[in-house]
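Reader: I have a protein model open on my screen and would love some help reading it. Could we go through it together?

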Amino acid sequence: MTVAVLGAGKIGEALLSGLLDAGYDAGKLLFTERHPERAAELTERYGVAGVEVAEAAERADVLVVAVKPQDIDPLLDELSGLIGPSTLVVSMCAGLPTALFERRLPEGTPVIRVMPNTPMLVGAAMSAVSPGRHATDEHLRTVEELLSSVGKVIVLPESQQDAVTALSGSGPAYFFYLVEAMIDAGILLGVPRNVAQQLIVQAAVGAGKMLDEGGQHPVTLRENVTSPGGTTISGIRELEKHGVRAALLDAIESARDRSIELGKAHEE
């Protein structure tokens, strides 16, 4: 099965890299990229051929659309005259519903909407998958198998995709933001930057492992670190005083709303 990634930005490159790391044949992968320098760089790095959209549409069994939402209209105009209903289209475009692709592509084209995230680069993605009207169980299995090679996969109703975009699509950025702030705090306290980074990154890795493998609720894990009258509760008091929990709720809600806006911008 030949897979073509249309748009080799951060997510497109992450998928290529992840599939190759998982043992996928480079000869069965293609990508498109508007900038020749970037295309040459990716081909040299991964050994995957960069091609034009027309060639990708002709050769690929699966087209993974990973362009920015604002770039989708010219791409769909081009694809509409190039593919038939036997081509599986996988959208990784934030906010864009399967109905948009089904409306603009040949009748009966199977479309599956995916919200991945950048940990795909290290084989630790969380990808949420929602089938469109014409996607069969076999199409769904194909996409699940592809994405399982680069992380975990969950199937859910498309009505939840905007929330998923805000939670796990944007989620890594929130963790990076917090880690950045904690490293800065270490510097403020007199710890060298490289030491502060080692301490905080390993704390994040360890905490993530406990969350993933321990089976305990985050509240329980947090309480286990929070001794009466200790240092942790003193720090948490400051987080609550400054409304960090409320700020996170607002941030995720805002990201969800932006995802909805992106979809509405393409409504007829």
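Author: Happy to; below we take the overall picture and then a few helices and residues. Please keep in mind that this is a predicted model.

Reader: Let's begin with the whole protein: how many helices and strands does the secondary structure have?

Author: The C-alpha atoms fill a box of roughly 65 × 40 × 30 Å along the principal axes. Within the protein, the secondary structure comes to eight strands and 12 helices.

Reader: What percentage of the 268 residues count as buried?

Author: A residue counts as buried when its relative accessible area is under 20%. By that cut-off, the share of the protein's 268 residues that are buried is 38%.

Reader: Among contacts between residues at least 6 apart in sequence, what share joins residues at least 24 apart?

Author: Here we set aside contacts between residues that are less than 6 apart in sequence. Of the contacts that remain, the share joining residues at least 24 apart is 65%.

Reader: Now for α1 and α2: are they roughly parallel or roughly antiparallel to each other?

Author: Helix α1 covers residues 10–21 and helix α2 covers residues 36–46, and their axes lie 11 Å apart at an angle of about 15°. Angles under 35 degrees count as roughly parallel. The two helices, α1 and α2, are therefore roughly parallel.

Reader: Which residues of α2 does α1 meet?

Author: The crossing of α1 past α2 is right-handed. From α1, the residues involved are Glu-13, Ser-17 and Leu-20. The contact residues divide into three nonpolar, one polar and three charged. On the α2 side, those met are Arg-38, Leu-42, Arg-45 and Tyr-46.

Reader: Leu-42 caught my eye; is Leu-42 buried or exposed?

Author: Leu-42 sits in helix α2. Leaving out residues up to four places away in sequence, Leu-42 touches Ala-8, Glu-13, Phe-31 and Gly-47. Its relative accessibility is 0%, so Leu-42 counts as buried.

Reader: And how far apart in space are Leu-42 and Leu-16, C-alpha to C-alpha?

Author: In sequence, Leu-42 and Leu-16 are separated by 26 residues. In space, their C-alpha to C-alpha distance is 9.5 Å.

Reader: Moving on to α4, within what arc do its buried residues fall, seen down the axis?

Author: Helix α4 spans residues 72–80, and its buried residues are Ile-72, Leu-75, Leu-76 and Leu-79. These buried residues line one face of the helix, because seen down the axis of α4 they fall within an arc of 95°.

Reader: What covers those buried residues of α4?

Author: Both helices and strands take part in the cover. The elements included are β1 (3–6), α3 (53–59), β4 (62–65) and α5 (98–104).

Reader: How does α7 lie to α12, oblique or roughly parallel?

Author: Helix α7 (residues 161–169) packs on helix α12 (residues 244–264) with axes 8 Å apart and an angle of about 135°. That angle makes the arrangement of α7 to α12 oblique.

Reader: Which residues of α12 make that contact?

Author: The crossing of α7 and α12 is right-handed. Asp-162, Ala-163, Thr-165, Ala-166 and Leu-167 contribute from α7. The contact residues divide into six nonpolar, two polar and two charged. From α12 come Ile-252, Ala-255, Arg-256, Ser-259 and Ile-260.

Reader: One last residue: what is the relative accessibility of Thr-2?

Author: Thr-2 lies in the segment before β1. Among the residues Thr-2 touches, not counting those up to four places away in sequence, are Lys-28, Leu-30 and Arg-59. Thr-2 counts as buried because its relative accessibility is 11%.

Technical notes
Residues numbered from 1 in each chain as written. Predicted model: local features only at pLDDT ≥ 70, side-chain atom pairs only at ≥ 80, totals over all residues. Heavy atoms only, no water. Axes fitted to C-alpha atoms, helices over the stretch in contact; angles between N-to-C directions. Helix = DSSP H or I, 4+ residues; strand = E, 2+ residues; numbered from the N terminus. Parallel < 35°, antiparallel > 145°, perpendicular 65-115°, else oblique. Left-handed = near helix turned anticlockwise from the far one by under 90°. Contact = heavy atoms within 4.5 Å. Nonpolar A, V, L, I, M, F, W, Y, C, P; charged D, E, K, R; others polar. Buried < 20%, exposed > 50% of the residue type's maximum accessible area, 1.4 Å probe, protein only. Arc of directions from axis to C-beta.
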